[in-house]
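Let's walk through this fold together, one sheet and one helix pair at a time. Have the sequence and the 3D view open as you read.

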Amino acid sequence: SRRSGGRPMKQRLLVVANRLPVSAVRRGEDSWSLEISAGGLVSALLGVKDVDAKWIGWAGVSVPDEVGQRALTKALAEKRCIPVFLDEEIVHQYYNGYCNNILWPLFHYLGLPQEDRLATTRSFQSQFDAYKRANQMFADVVNEHYQEGDVVWCHDYHLMFLPKCLKEYNSKMKVGWFLHTPFPSSEIHRTLPSRSELLRSVLAADLVGFHTYDYARHFVSACTRILGLEGTPEGVEDQGRLTRVAAFPIGIDSDRFKRALELPAVKEHINELTHRFAGRKVMLGVDRLDMIKGIPQKILAFEKFLEENPSWRDKVVLLQIAVPTRTDVPEYQKLTSQVHEIVGRINGRFGTLTAVPIHHLDRSLDFHALCALYAVTDVALVTSLRDGMNLVSYEFVACQGSKKGVLILSEFAGAAQSLGAGALLVNPWNITEVAASIGYALNMSPDEREKRHRHNYAHVTTHTAQDWAETFVSELNDTVVEAQLRTRQ
Ligand code: G6P
C-alpha cells in the first residue's frame, strides 16, 4: 500500500450521492451556516474502518454566484464534503423530473406518469438529457478530486449514469454503485424509454449492490432480457468483462439509539408521553410523506379497525409522523391533501370532545423526540407499498427495550426479508388484512411479543450500517483485484 513519511496511507473513499448530508443556509454574501445530519448512514459512510472518506453531492441549495460557491465549498471542506453546484433549471428537470417523477415511481412499481401522455413523452427526453448532464457534472467533480487508488462509491437512482461517465474519464477507477430503492421486475424496467442506456451505464461499475437478493436478481434479468447479456451467479458478463452484482442489506447504528434512550432528557420525554397516553395503546407510523409509503392505505386500515372494534375506540391512538418531502413535485402535493382529508374525516367520525384517534404531524421530529416516541410505542405500522429496505422498522426495534412492541411490516419492504420472522407481515393493499393484524397485534400475548421481539432485536443489533459499509468497500476492492488477475491470465 502507499506510504507517506513511513506511515501506510489510508485508502481514500469518495462517496457520491445526490445529496450531501448537510443543510446549508446562506447568512451573507460569503457566509454559510451548515448543519450536518448525524444519521447512522452518514456515520457509516464517513466512518468506514481504515478509510479516509469524503462525500460529494448537491448541497440542496441554488448558489448562482461565484463568491457564494467559493464560500460554501470552503465551509463544506471542513466537514469532509465537496459540493456539486446544480442550477435551478437542472434541479427541476433532473431531480424533480427524471429522478422523482419517473425513476422513483417506476422503481416502486407505480409505473410511468400516465396523465397528459403526449406532454410527458415530449418532456421525457429533455428530462433524461438533464439527468445525463447532471450525472456528468457529478463525474466532473469526482474526477477533479480523484487520486490513484481511491475507491468511488456511487449511490442511488439519481446517479445511474455516473459509473459510465467515471470509467470514460479513467477506466482504472474502482467504481461501485449501490441502489437504495428496489430494483423492479424486468417487466417493469423494460417500459422505461431509456432502459438500455441506464443498464449499460450501471454495468460500467465494477460492483453493483442492492438491499436484497431479489432486487439483484431483477437487475440481472433486466440485463439478460433487455440487453441480451449473460447472467452468471457472480453478476453480468459482457464480452469477457464481468460486473459483479450482489446483495448488501443495509442496517442502522443501533448503539446510537440505545445510548439516546439512556439520556435524562429522553427519559423525561418518555415519562411525559407515557403519562399523556396513559390508558391507551400507542400505534406509530413514521414516514416521509411519499406515495410509496402507503399512508392513506394505512390510515384507512386503522379506520376499518375502529369501525369493527368499537370497544377499542377510546383505548388506542395512532400517531402518524409524515415528513414533507419533494414538495415541488405535483404528485406529492396531491398526496398531502389526500392524507389531510382522510385524517380529518376519521377524526371527525371517531373523535370525542377530548380525544382524537389520529394525531397527524406534517413535520420531522428531532432524533431524541423520535427515540422517545419509538420507546413508548406498542405497535409500529410500516406499511409501504414498496420500499428499498425501510429503516424505520429497524429503529423502532432498536428502541424497544422491555416494552417488546409489535412490528406490523409490509411484505413489500426490503426489511421483510430480515425481520419477517419477528414482524407481522401484511399486504398493505389489503386493508381488511391490515385491520385484522392491528387487532392481532394489540391483543398479542406477552410470550409471543417477547419471542418475536427477540428475533428482530438480535438481527438489528448485529447487522449494522457500519458492517454494511465496510463489507461493500472491501468487496469492491476484492472485485477489482480479481478482475485484474483474470485479465492477466
Ligand atoms: C430515499 C432515497 C434517498 C433520498 C431520500 C430522501 O431514501 O433512496 O436517496 O435521499 O429518499 O429524499 P430526497 O429527495 O429528499 O433526497
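The paragraphs below go through the sheets, the helices that pack on them, and the surroundings of the ligand.

A word on the ground rules comes before the tour. This is a predicted model, in which local features need pLDDT of at least 70 and side-chain atom pairs count only at pLDDT 80 or more, while totals for chains, interfaces and linings use all residues. Residues are numbered from 1 along each chain as its sequence is written. Helices (H or I, at least four residues) and strands (E, at least two) are DSSP runs, numbered from the N terminus.

Let's begin with a sheet of 9 strands, which is open, has mixed pairing and follows the order S7-S6-S3-S8-S9-S10-S13-S12-S11. Two strands pair if DSSP finds at least two bridges between them. At the edges you will find strand S7 (81-84) and strand S11 (230-232), each of which pairs on one side only. From one neighbouring strand to the next, the average turn is 20°, with direction ignored. For this and later angles, axes are lines fitted to C-alpha atoms, for helices over the stretch in contact, and angles run from 0 to 180 degrees between N-to-C directions.

Now look at S3 within this sheet. S3 runs parallel to strand S6 (residues 51-58), joined by 7 bridges, and also runs parallel to S8, joined by 4 bridges. Val 16 is a handy landmark here: its bridge partner in S6 is Ile 56, and in S8 Val 16 stands opposite Cys 154. One step along, strand S8 (residues 151-155) and strand S9 (residues 174-178) are parallel, with 5 bridges between them. Trp 153 has Gly 176 in S9 as its bridge partner. Packed on the sheet is helix H5 (residues 162-169), which touches strand S3 (11-19), S8 and S9, and its direction makes about 175° with that of S9. Contact here means that the C-beta atoms of two residues, placed from the backbone, lie within 7 Å.

What lies across S10, S11, S12 and S13? That is H8, which lies across strand S10 (207-210), S11, strand S12 (235-238) and strand S13 (241-247), running at about 150° to S13. H8 has a helix partner as well: helix H7 (residues 195-203) and helix H8 (residues 213-227) pack at an angle of about 125°, with their axes 10 Å apart. That angle makes H7 oblique to H8; angles under 35 degrees count as roughly parallel, over 145 as roughly antiparallel, 65 to 115 as roughly perpendicular and the rest as oblique. In this contact, Arg 195, Ser 196, Leu 199, Arg 200 and Leu 203 of H7 meet Ala 222, Cys 223, Ile 226 and Leu 227 of H8. By class, the residues there are 6 nonpolar, 1 polar and 2 charged. Ala, Val, Leu, Ile, Met, Phe, Trp, Tyr, Cys and Pro count as nonpolar, Asp, Glu, Lys and Arg as charged, and the others, Gly among them, as polar.

Further along the chain comes an open sheet of 6 strands in the order S16-S15-S14-S17-S18-S19, with parallel pairing. Its edge strands are strand S16 (358-361) and strand S19 (424-426), each pairing on one side only. The twist averages 20° from one strand to the next. Inside this sheet, strand S14 (residues 281-288) pairs in parallel with strand S17 (residues 379-382) over 2 bridges, and Leu 284 has Ala 380 in S17 as its bridge partner. Helix H16 (residues 431-442) packs on the sheet, touching S14, strand S15 (316-323), S17, strand S18 (406-410) and S19, with its direction at about 170° to that of S19.

H11 brings two helix contacts into view. Helix H11 (residues 295-308) packs against helix H12 (residues 330-350) at an angle of about 10°, with their axes 10 Å apart, which makes H11 roughly parallel to H12. This contact has 10 nonpolar, 1 polar and 1 charged residues. With H16, H11 packs at an angle of about 60°, and their axes are 8 Å apart. H11 and H16 are therefore oblique to each other.

Finally, which residues are around the ligand? They are Arg 19, Asp 156, His 180, Thr 181, Thr 325 and Arg 326, where a residue is near a molecule if its C-beta atom, placed from the backbone, lies within 6 Å of it. This shell divides into no nonpolar, 3 polar and 3 charged residues.
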